[in-house]
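These are my notebook entries on a structure that I looked through element by element. The entries follow the order in which I looked things up.

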Amino acid sequence: MSSENSGKKPRVLITRPGPVPEVNESLKNFEKDFEVTVGKDDEWMKHERLIELLPQMDAIISHSYDTFVNHETLSQHGKNLKIIANFGAGYEKLDTKAAEKLGIWVTNTPDVVTTATSDIAIALLLASTRKMSQSESWLRKGSWKGAQLNENLGNDPKDKVLGIIGMGKIGKAVAVKATYGLGMKIAYFNRSNSKDNKSDVEIESLPTEFNTTIQVSKCKDLQTLLKMSDYISVHCTMNESSQYLLDKDQFQIMKDGVYIINTARGKVIRESELVNAIRSGKVKGVGLDVFEDEPKINPGLLELEGSITLLPHIGTATVESRRDMFELQLNNVKQFF
């Protein structure tokens, strides 16, 4: 514990209670060393309440939807604040530059979301390519009259090229699952190292957690990846360079009948152009867990039927992931003090 807090417990605001009962024991242990204030269950803490509590706090365990992480609020009300432990792998909604200027640490919860998020990406791939959402809706409406030979036909992903945008830990997990589980071929583009390619496409061996390797195609640029992919799965981080990475020009160079999966961030794709591409037949199916202006959904997406599956940002929505994310937040604060 830092010397400036010697003799008293650091004050910590948890803007929302632990997401699952499995974290209760960890929270009890945490409260032995910290003076903790917890927000109301199932309710985002109102900005006025945050402003009221913020001056008293040494640390905040927050969620990306909390509204206090901006320069004005932090500079006026967060003068005692030392660390913001955010819930989630991404932190693009937080004004990290303002926090840095004020000497406030910001942490996130990567790694522990890899399994759940990559599972959802594979689920969305299968749901879209096999028209699962449409088929279930069709069944629930009473339209199913028995086996038919030419209704609700999808596509097999086996032997197709899955293009991954962002081969980080989640992208890699998706690559392994798609290779071993679905028999797909993997290509990828990374903004960080793909530019080192001597040719447009280079074959490399990607190590896996199973002490094996899979053969993947590393593309020199995004255009090369888009042109060769039958399925595209987005796993890049959200920043200025990735905003609307997939826009009108990118859709135009994709294969006809491509499938698009996004479990990263909604603003990587300009949804109005995605809707146009679906209506034109350029994009055959989509599986989305994130949206450009969530929780608002583009009406055009809601109107579409067929190989379309839309999920309400449940990529990390498992008991195990939410437990691990919250416990990592607690640990980040513990490690700081």
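**Entry 1: strand β9.** I looked up how far β9 is enclosed and found five of its seven residues buried, so the strand is largely enclosed by the rest of the structure. Buried stands for under 20% relative accessible area, exposed for over 50%, and partly exposed for the range in between, with a 1.4 Å probe and protein chains only. Strands here are DSSP runs of E with at least two residues, helices are runs of H or I with at least four residues, and both are numbered from the N terminus. I note that the model is predicted: local features need pLDDT of at least 70, side-chain atom pairs count only at pLDDT 80 or more, and totals for chains, interfaces and linings use all residues. Residues are numbered from 1 along each chain as its sequence is written, and side-chain values use heavy atoms, with hydrogens and water left out.

**Entry 2: partners of β9.** I then asked which strands are joined to β9 and in which direction they run. Strand β9 (residues 213-219) runs antiparallel to β8, with seven bridges between them. Strand β7 (residues 185-189) runs parallel to β9 and is joined to it by three bridges. Two strands count as paired if DSSP finds at least two bridges between them. On the β8 side, I found Leu 206 with Ile 214 as its bridge partner in β9, and Glu 202 opposite Lys 218. On the other side, Ala 187 stands opposite Ser 217. The hairpin of β8 and β9 has five residues between the strands, and Asn 211 takes a positive phi near 60° there.

**Entry 3: the sheet of eight strands.** I traced the order of this open sheet as β8-β9-β7-β6-β10-β11-β12-β13, with mixed pairing. The edges are β8 (201-207) and β13, each with a single partner strand, so one side of each has no neighbour in the sheet. Neighbouring strands are turned by 25° against each other on average, direction ignored. For such angles, axes are lines fitted to C-alpha atoms, for helices over the stretch in contact, and angles run from 0 to 180 degrees between N-to-C directions.

**Entry 4: the sheet of five strands.** I recorded another open sheet, with the order β2-β1-β3-β4-β5 and parallel pairing. Its edges are β2 (35-38) and β5 (105-107); each has a single partner strand, so one side of each is left without a neighbour in the sheet. The average turn between neighbouring strands of this sheet is 15°, direction ignored. Strand β4 (residues 83-87) runs parallel to β5 and is joined to it by three bridges. In that pairing, Ala 85 stands opposite Thr 107.

**Entry 5: cysteines.** I asked how many disulfides a search of the whole structure finds. The search finds zero, a disulfide being a pair of cysteine sulfur atoms within 2.5 Å. The closest cysteine sulfur to that of Cys 219 lies in Cys 236, 15 Å away, which is too far for a bond. Cys 219 is buried, with a relative accessible area of 0%. Cys 236 is also buried, at 9%.

**Entry 6: the second largest pocket.** I noted a volume of about 300 Å³ for this pocket. Of its 14 lining residues, Ser 133, Gln 134, Ser 137, Glu 305 and Ile 308 are the closest to the centre. A pocket is an open set of points on a 1 Å grid over the protein atoms alone, where a 1.4 Å probe fits, with protein on both sides within 12 Å along at least five of seven lines; lining residues have an atom within 4 Å of a point. Grid points are joined across faces, edges and corners, and the volume is the space filled by probe spheres set on the points. I next looked up which elements supply the lining: α6 (132-140) and β13 (307-310) each give at least two residues. The largest share, five residues, comes from α6. By class, I counted four nonpolar residues (Ala, Val, Leu, Ile, Met, Phe, Trp, Tyr, Cys and Pro), three charged (Asp, Glu, Lys and Arg) and seven polar (the others, Gly among them).

**Entry 7: two loop residues.** I located Ala 264 in the loop between β11 (258-262) and α10 (271-280). Ala 264 is buried, with a relative accessible area of 9%. I found Lys 296 in the loop between β12 (283-288) and α11 (299-303). Lys 296 counts as exposed, at 60% relative accessibility.
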